[in-house]
Amino acid sequence: HLLWMARNRFNLIGYEGANIVLAKTLAINLTGGGHDLVQKILDPERMVDGVRLIDRHPDWFGSAHRGSAKSADVYTNPCYGQPLLSRYFADELAKDVVDGDLKSVDIINIWPSDQLLLNLPKDCVKAESENGTDQLFRFYAGVVSRLDEVLKVRSPDRTITISGISYYDTWRLPRHEVVASVKPGTNVKYLHVLYLNERTFSAPVASEQSPTNQRIMAAFKSWSESLARAGLQIGVCEYYNYSIFLSLPAPHMRLIGADFKTYNDAKV
């Protein structure tokens, strides 16, 4: 599989089950993380020195806390905008990045709970002008900054990319000062990925025939322009294998060519 990828100029694969040595030899990057990072590190029921995390830091979870994770992808989101929360998260993540499961991973995905709405506790949002995307982006900013500090000391030759996410109700662009707060460091870079699992596959993504696709492309354009001004990277995750047959490989092949041109022209 890795040799086939290299021959066809693919350069990214999930690290689980991959031959890490061969992947590195072939200049194929490894990606990992996902929902489980937030679920594991910020589980309110997690015991820290004999005390539950929610009892140590009740302000991290707000009044809407409903207990620990319900499933692998759906859990109660914390108050992402808390500076000490992102610092704690980065310190715990560093353990995996330096010595744990993620020590060979190049791109680390950090995703909030996989729901249609971010559903942050209302008492998390202090300013009327701030929304969930602002909080989530400030969380990414804090993680990038703190993790870069830690890796400079603990693993100075290690360079990784933190990958943030937009989908469902986090399409709205954060305020300018929030975007500008993400500062890529020496050891930690940042990539923001728009996950297009809401798009219509009956037409190319840039088609004006679909109101859903038009909304997504408008968001994509605004994110692209804002991140470019801040010196940040943007990416797109497509779902060409969406199918009622689930695991049957039935991708929307007729759209890929047009969509790739759209993304290539946008330098994604």
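Is Asp148 buried or exposed? Asp148 is buried, with a relative accessible area of 6%. The model is predicted. Its chain has a mean pLDDT of 88, and its secondary structure comes to 9 helices and 8 strands. With a radius of gyration of 19 Å, close to the 18 Å from the globule rule for 268 residues, the chain is as compact as a globular protein of that length. A search of the whole structure finds 17 salt bridges.

**Confidence**

- A pLDDT of 70 or more is reached by 90% of the residues.
- Among the elements of the chain, strand 5 (residues 107-110) has the highest mean pLDDT, at 98.
- Helix 9 (residues 253-265) has the lowest mean pLDDT among the elements, at 87.
- Where pLDDT is low, the predicted coordinates should not be read in detail.

**Overall dimensions and burial**

- Along the principal axes, the C-alpha atoms fill a box of roughly 55 × 45 × 40 Å.
- Of the 268 residues in the chain, 48% are buried.

**Salt bridge within helix 6**

- Asp148 pairs with Lys152 through a side-chain salt bridge, at 3.3 Å from N to O.
- Both residues, Asp148 and Lys152, lie in helix 6. They are 4 residues apart, about one turn of the helix.
- The acid, Asp148, is buried at 6% relative accessible area. Its partner Lys152 counts as partly exposed, at 44%.
- Asp148 counts as buried because its 6% falls under the 20% cut-off.

**Salt bridges between distant parts of the chain**

- Asp96 and Lys40 meet through their side chains in a salt bridge of 2.8 Å, N to O.
- This pair links distant parts of the chain, with Asp96 in helix 5 (residues 83-98) and Lys40 in helix 3 (residues 35-41). The separation is 56 residues.
- Asp96 counts as buried, at 15% relative accessibility. Lys40 is partly exposed, with a relative accessible area of 45%.
- Asp134 and Arg175 also form a side-chain salt bridge, at 3.8 Å from N to O.
- This second pair too links distant parts of the chain, 41 residues apart. Asp134 sits in helix 6 (residues 132-154). Arg175 sits in the loop between strand 6 (160-166) and helix 7 (176-179).
- Asp134 is buried, at 1% relative accessibility. Arg175 is partly exposed, at 27% relative accessible area.

**Salt-bridge network**

- Which residues are linked in a network of salt bridges? Glu45, Arg52 and Asp55 are linked in this way.

**Cavities**

- The structure holds 2 cavities of 30 Å³ or more.
- How much space lies in the second largest cavity? The figure is about 40 Å³.
- One run of its lining residues is Pro112, Ser113, Gln115, Leu116, Leu117 and Leu118. Tyr167, Tyr168, Asp169 and Thr170 also line the second largest cavity.
- By class, this lining has 6 nonpolar, 3 polar and 1 charged residues.
- The charged residue is Asp169, because Asp belongs to the charged class.

How values were computed: Residues are numbered from 1 along each chain as its sequence is written. This is a predicted model: local features need pLDDT of at least 70, side-chain atom pairs count only at pLDDT 80 or more; totals for chains, interfaces and linings use all residues. Side-chain values use heavy atoms; hydrogens and water are left out. pLDDT is the predictor's confidence in each residue, from 0 to 100. Helices (H or I, at least four residues) and strands (E, at least two) are DSSP runs, numbered from the N terminus. On a 1 Å grid over the protein atoms alone, a cavity is a set of points where a 1.4 Å probe fits but cannot get out, and a pocket is an open set with protein on both sides within 12 Å along at least five of seven lines; lining residues have an atom within 4 Å of a point. Grid points are joined across faces, edges and corners, and a volume is the space filled by probe spheres set on the points. A salt bridge is a side-chain nitrogen of Lys or Arg within 4 Å of a carboxyl oxygen of Asp or Glu. Buried means under 20% relative accessible area, exposed over 50%, partly exposed in between (1.4 Å probe, protein chains only). The radius of gyration is taken over C-alpha atoms; the globule rule is 2.2 Å times the number of residues to the power 0.38.
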